[in-house]
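Thank you for making time for this one. I would like to walk through the structure with you on the screen, taking the strands first and then the spaces between them.

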Amino acid sequence: MSPAPTALDRLVNPAGLPTLGLELPLDNDWGATRLRAGQAAGMPFGVPDLTRHTELARLADTLGFAGLWVRDVPLYDPEQFGDAGSVFETFTHLGHLAAVTRRAVLGTAAVVLPLRRPLLVAKAAATVDVLSGGRFVLGLASGDRPVEYPLFGEDFHARGDLFRQGVQTLRAAWARRADGAGMELPELGLEAGRRLDVLPKPTGPTVPIAVAGHARQSSVWIARNADASLNYPRPLEALRLTTRQWRELTGDAPKPYLTPMQLDLTRDPATAATPIRLGQRTGSRALVEHLRAMGELGVAHVSFNLRPGDRPVEEVLHELAETVLPHFPSPNATTGTGAAGVLAS
């Protein structure tokens, strides 16, 4: 009997084409019209409209997007960063998404591990994995906002060491022992011979981990310790070098390369692609060609951030589903058996 597909398997098309996902929030609060309206109303920049978040997540899942990704922005910093991310607390949000979606992989892009207690992250991640029926990918980052670290009692300059230690703890917490005993981690302060465990256990051997960027680690360490690379978008020539290195590092056991992309999709499908910050303003035809090129370079999954666009998000989702998704089919046809499966039955 072949093993059940993991969440990462559901993001990989065996034909070498990228699958397509979405980064939440599903909003266009960075579009010109919303920016003008927000400024006139005195609204803060970077705080999305979440009134339809459940409806839009369900729509994306129904339309066939392969993944839904949420960010981890612990504190809103309007002065230095001006981006509230997905707003909701990450794992609470994921539990909700597990209950209201059926097929899409759920992922974090990415949890700032050094600011969290790794054992609590292990428990939260395994919980989302079980509730979603094995549809969860844990994206992890070391964080890039120095102002947050002292507020959480951590040293910004030690975040690389904290990240490595945290990943080690996560793997130990998810492991199953043949003798049924719990984990033994003396470095965490457990007395000799004392065993505790973290429940629930993941649906598979582990929760898949995708490392975002470099997380203050070497490429070799990431290739050995992560299950996927979650890397920033790049022009195609730079992307060619990055994906080539990833393939060389993981050649004996290939691992997926995932990337986000900011997208301003125009109504005219013939609009040529022009670069915007971390993505493109483009019509659907040029977008299809660009995605094909990304797939040829080894990108397994692309997640769209629609916030820079000016069109209603629902309209953009339908157009993508009609004109782009058919070119990049997802193997994710298995309905989740966790909370979503219960609600759907």
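Let me begin with strand E2, residues 67-70, where Gly67 and Trp69 point one way while Leu68 and Val70 point the other way, and where all of these residues are buried. Please keep in mind throughout that this is a predicted model.

Strand E2 has partners that we can take in turn. Strand E1, residues 19-23, runs parallel to E2 and is joined to it by three bridges, with Leu22 of E1 having Leu68 as its bridge partner. E2 also pairs with strand E3, residues 105-108, again in the parallel sense and over four bridges, and here Val70 stands opposite Thr108.

If we follow the chain out of E3, we come to the loop between E3 and strand E4, which is where Ala110 is placed, and the peptide bond that leads from Ala109 to Ala110 is cis, with omega near 5°. A cis bond is also found from Leu199 to Pro200, with omega near 0°, and Pro200 lies in the loop between helix H6 and strand E6. I point these out because most peptide bonds are trans.

Let me turn to another set of strands. E8 and strand E10, residues 279-282, run parallel and are joined by four bridges, one pairing being that of Leu263 with Gln280 in E10. Strand E9, residues 274-276, pairs with E10 in the antiparallel sense over three bridges, and Thr274 stands opposite Arg281.

Which residue in the hairpin of E9 and E10 takes a positive phi? With two residues between the strands, the one in question is Leu278, with phi near 60°, and Leu278 is partly exposed, at a relative accessible area of 36%. Ala215, in the loop between E6 and helix H7, also has a positive phi, of about 50°, although it is not a glycine. Ala215 counts as buried, because its relative accessibility is 6% and the cut-off for buried is under 20%.

Now to the interior. The largest nonpolar core has 65 residues, and those with the most contacts inside it are Leu138, Phe304, Leu306 and Leu320. Apart from that core lies another of 15 residues, among them Ala7, Val105, Leu258 and Ala300. Leu306 is worth following a little further: leaving aside residues up to four places away in sequence, Leu306 touches several residues, including Leu22, Asn28, Leu263, Val313 and Val316.

Leu306 also appears in the lining of the largest cavity, together with residues including Asn28, Leu263, Asp310, Arg311 and Val313. How many cavities of 30 Å³ or more does a search of the whole structure find? The search finds one, and the volume of the largest cavity is about 60 Å³. E8 gives the most to this lining, with three residues, and by class the lining has five nonpolar, two polar and three charged residues.

Finally, the largest pocket has a volume of about 960 Å³. Of the 37 residues that line this pocket, the closest to its centre are Arg71, Ala109, Asp144, Arg145 and Tyr232, so that we meet again the Ala109 of the cis bond to Ala110. E8 and strand E11 are the elements that give two or more residues to the pocket lining, which by class has 18 nonpolar, nine polar and 10 charged residues.

Definitions and conventions: Residues are numbered from 1 along each chain as its sequence is written. This is a predicted model: local features need pLDDT of at least 70, side-chain atom pairs count only at pLDDT 80 or more; totals for chains, interfaces and linings use all residues. Side-chain values use heavy atoms; hydrogens and water are left out. On a 1 Å grid over the protein atoms alone, a cavity is a set of points where a 1.4 Å probe fits but cannot get out, and a pocket is an open set with protein on both sides within 12 Å along at least five of seven lines; lining residues have an atom within 4 Å of a point. Grid points are joined across faces, edges and corners, and a volume is the space filled by probe spheres set on the points. Ala, Val, Leu, Ile, Met, Phe, Trp, Tyr, Cys and Pro count as nonpolar, Asp, Glu, Lys and Arg as charged, and the others, Gly among them, as polar. A nonpolar core is a set of buried Ala, Val, Leu, Ile, Met, Phe, Trp, Tyr and Cys residues joined through side-chain atoms within 4.5 Å. Buried means under 20% relative accessible area, exposed over 50%, partly exposed in between (1.4 Å probe, protein chains only). Contact means heavy atoms within 4.5 Å. Two strands pair if DSSP finds at least two bridges between them.
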